[in-house]
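I opened my notebook to look for empty space, packing and strand order in one protein. Here is what I looked up, entry by entry.

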Amino acid sequence: MTDTVPALALEGVERSYREGESRLDVLRGVDLVLNPGELVALVAPSGAGKSTLLHIAALLEQADTGTVAIAGVDTTGLGDAARTELRRSSIGMIYQFHHLLPDFTALENVTLPMRLAGVGKREAEAAARALLDELGVEPRVSHRPGELSGGERQRVAIARAVANRPAVLLADEPTGNLDPATAEHVFAAFVRLARSTGLAALVATHNHDLAARMDRRVTLVNGHCEEM
Ligand SMILES: Nc1ncnc2c1ncn2[C@@H]1O[C@H](COP(=O)(O)OP(=O)(O)OP(=O)(O)O)[C@@H](O)[C@H]1O
Ligand SMILES: [Mg+2]
């Protein structure tokens, strides 16, 4: 028997928000495992805690209790520097709105995470061009985000998120603000890329058609994660 090391493992994750006297228990013990290569949709109503869960998995926020392990590395007790390092090397994040750097070209936005990881300029640029080509936006490499369409920006954001070959890709409604045809293109590109790199992806979406095409679907019910 071979033991697969999960790309992402959440165990007993709890998170509440305090607002004055009251407390909102958003996550009440989330258990979730993503194996390498798995594409998992996270489908739950607005306010259920999808973004909270993704931010905790991305090490952008801390759980109150519970553990988060990325590619077998337990992050409990890691300091800020180690969390940032692990996030840079092993996690890719895609938001509903692209979060690209406005003063940098598409190519520069994608090369930046690789440069931060110590990859040389030429190598990073070649890899970024190949990724953007795979996503169908190579002709737009020298444009800044303000000169790109919404769908093009999201594809650049996907390229940036996978540039460092992360173990886990976390996406928060990546096609949420795109028209159906563009959403379809972006989603198809996303799946192709995930399949070709073998990364695990957790994708929050309100789009049931797209969710149906992933390997598994999970939801959040009363702060717990359940298979659908
Ligand atoms: N920083 C915060 N402080 C207080 N409450 C918060 C904070 N962030 C989120 N919440 C609350 O936690 C709950 C879960 O929010 P979250 O953003 O995770 O939901 P979501 O499932 O992503 O919703 P949507 O589909 O609308 O994006 C909501 O009730 C929200 O108001
Ligand atoms: Mg959200």
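**Entry 1: the second pocket.** I note at the start that this is a predicted model. I began with the lining of the second largest pocket, which divides into 4 nonpolar, 3 polar and 5 charged residues. I then looked up the volume of the second largest pocket, and it is about 170 Å³. Among the residues of its lining I found Phe104, Thr105, Leu107, Glu108 and Thr111. Further along the chain, Lys121, Glu125 and Arg129 also line this pocket, as do Val141 and Ser142. Which elements supply at least two residues each to this lining? They are α3 and α4, and α4 spans 121-134. I wrote down that α3 gives the most here, with 5 residues.

**Entry 2: the largest pocket.** Next I turned to the largest pocket, which holds about 520 Å³ of space. It is lined by 20 residues, and the closest to its centre are Arg87, Arg88, Ile91, Pro113 and Arg160. The elements giving two or more residues to this lining are α2 (80-90), β6 (91-94), α3 (106-116) and α5 (150-162). Which element gives the most to the lining of the largest pocket? Again I wrote down α3, this time with 4 residues. By class, I counted off 12 nonpolar, 5 polar and 3 charged residues in the lining of the largest pocket.

**Entry 3: a closer look at α3.** That helix came up in both pockets, and I stayed with it. Which residues of α3 are buried? My list reads Ala106, Leu107, Asn109, Val110, Thr111, Pro113 and Met114. What covers the buried residues of α3 includes α4 and α5. After α3 comes Gly118, and its phi is positive, near 95 degrees.

I picked Val110 and looked up its contacts, leaving aside neighbours within four places in sequence. Val110 is in contact with Ala128, Leu131 and Leu132, and also with Val156, Ala159, Arg160 and Ala163.

**Entry 4: the nonpolar cores.** How many residues does the largest nonpolar core have? It has 41, and those with the most contacts inside it are Val110, Leu132, Val156, Leu169 and Phe190. Elements that give two or more residues to this core include α3, α4 and α5, along with β3 (39-42), β7 (168-172) and β8 (200-204). The helices α6 (180-197) and α7 (208-212) are on that list too. I marked α6 as giving the most to this core, with 8 residues. Apart from this core lies another one, of 32 residues, among them Leu8, Leu27, Ala204 and Leu220.

**Entry 5: the cavity.** I checked for closed spaces and found 1 cavity of 30 Å³ or more. The largest cavity has a volume of about 40 Å³. Glu173, Pro174, Thr175, Phe187, Val203, Ala204, Thr205, Leu210 and Met214 line it. I sorted this lining into 6 nonpolar, 2 polar and 1 charged. Ala204 thus appears twice in my notes: it lines the largest cavity, and it belongs to the core of 32 residues.

**Entry 6: a sheet.** Last, I traced an open sheet of 4 strands, in the order β2-β1-β4-β5, with antiparallel pairing. Why is one side of β2 and of β5 left without a neighbour in the sheet? Strands β2 (22-34) and β5 (73-74) stand at the edges, each with a single partner strand, so one side of each has no neighbour there. Strand β1 (residues 8-19) pairs with β2 in the antiparallel sense over 10 bridges. I found Tyr17 opposite Leu24 in β2.

Notes:
Residues are numbered from 1 along each chain as its sequence is written. Chains are lettered from A and ligands numbered from 1 in the order in which they are written. This is a predicted model: local features need pLDDT of at least 70, side-chain atom pairs count only at pLDDT 80 or more; totals for chains, interfaces and linings use all residues. Side-chain values use heavy atoms; hydrogens and water are left out. On a 1 Å grid over the protein atoms alone, a cavity is a set of points where a 1.4 Å probe fits but cannot get out, and a pocket is an open set with protein on both sides within 12 Å along at least five of seven lines; lining residues have an atom within 4 Å of a point. Grid points are joined across faces, edges and corners, and a volume is the space filled by probe spheres set on the points. Ala, Val, Leu, Ile, Met, Phe, Trp, Tyr, Cys and Pro count as nonpolar, Asp, Glu, Lys and Arg as charged, and the others, Gly among them, as polar. Buried means under 20% relative accessible area, exposed over 50%, partly exposed in between (1.4 Å probe, protein chains only). Contact means heavy atoms within 4.5 Å. A nonpolar core is a set of buried Ala, Val, Leu, Ile, Met, Phe, Trp, Tyr and Cys residues joined through side-chain atoms within 4.5 Å. Two strands pair if DSSP finds at least two bridges between them.
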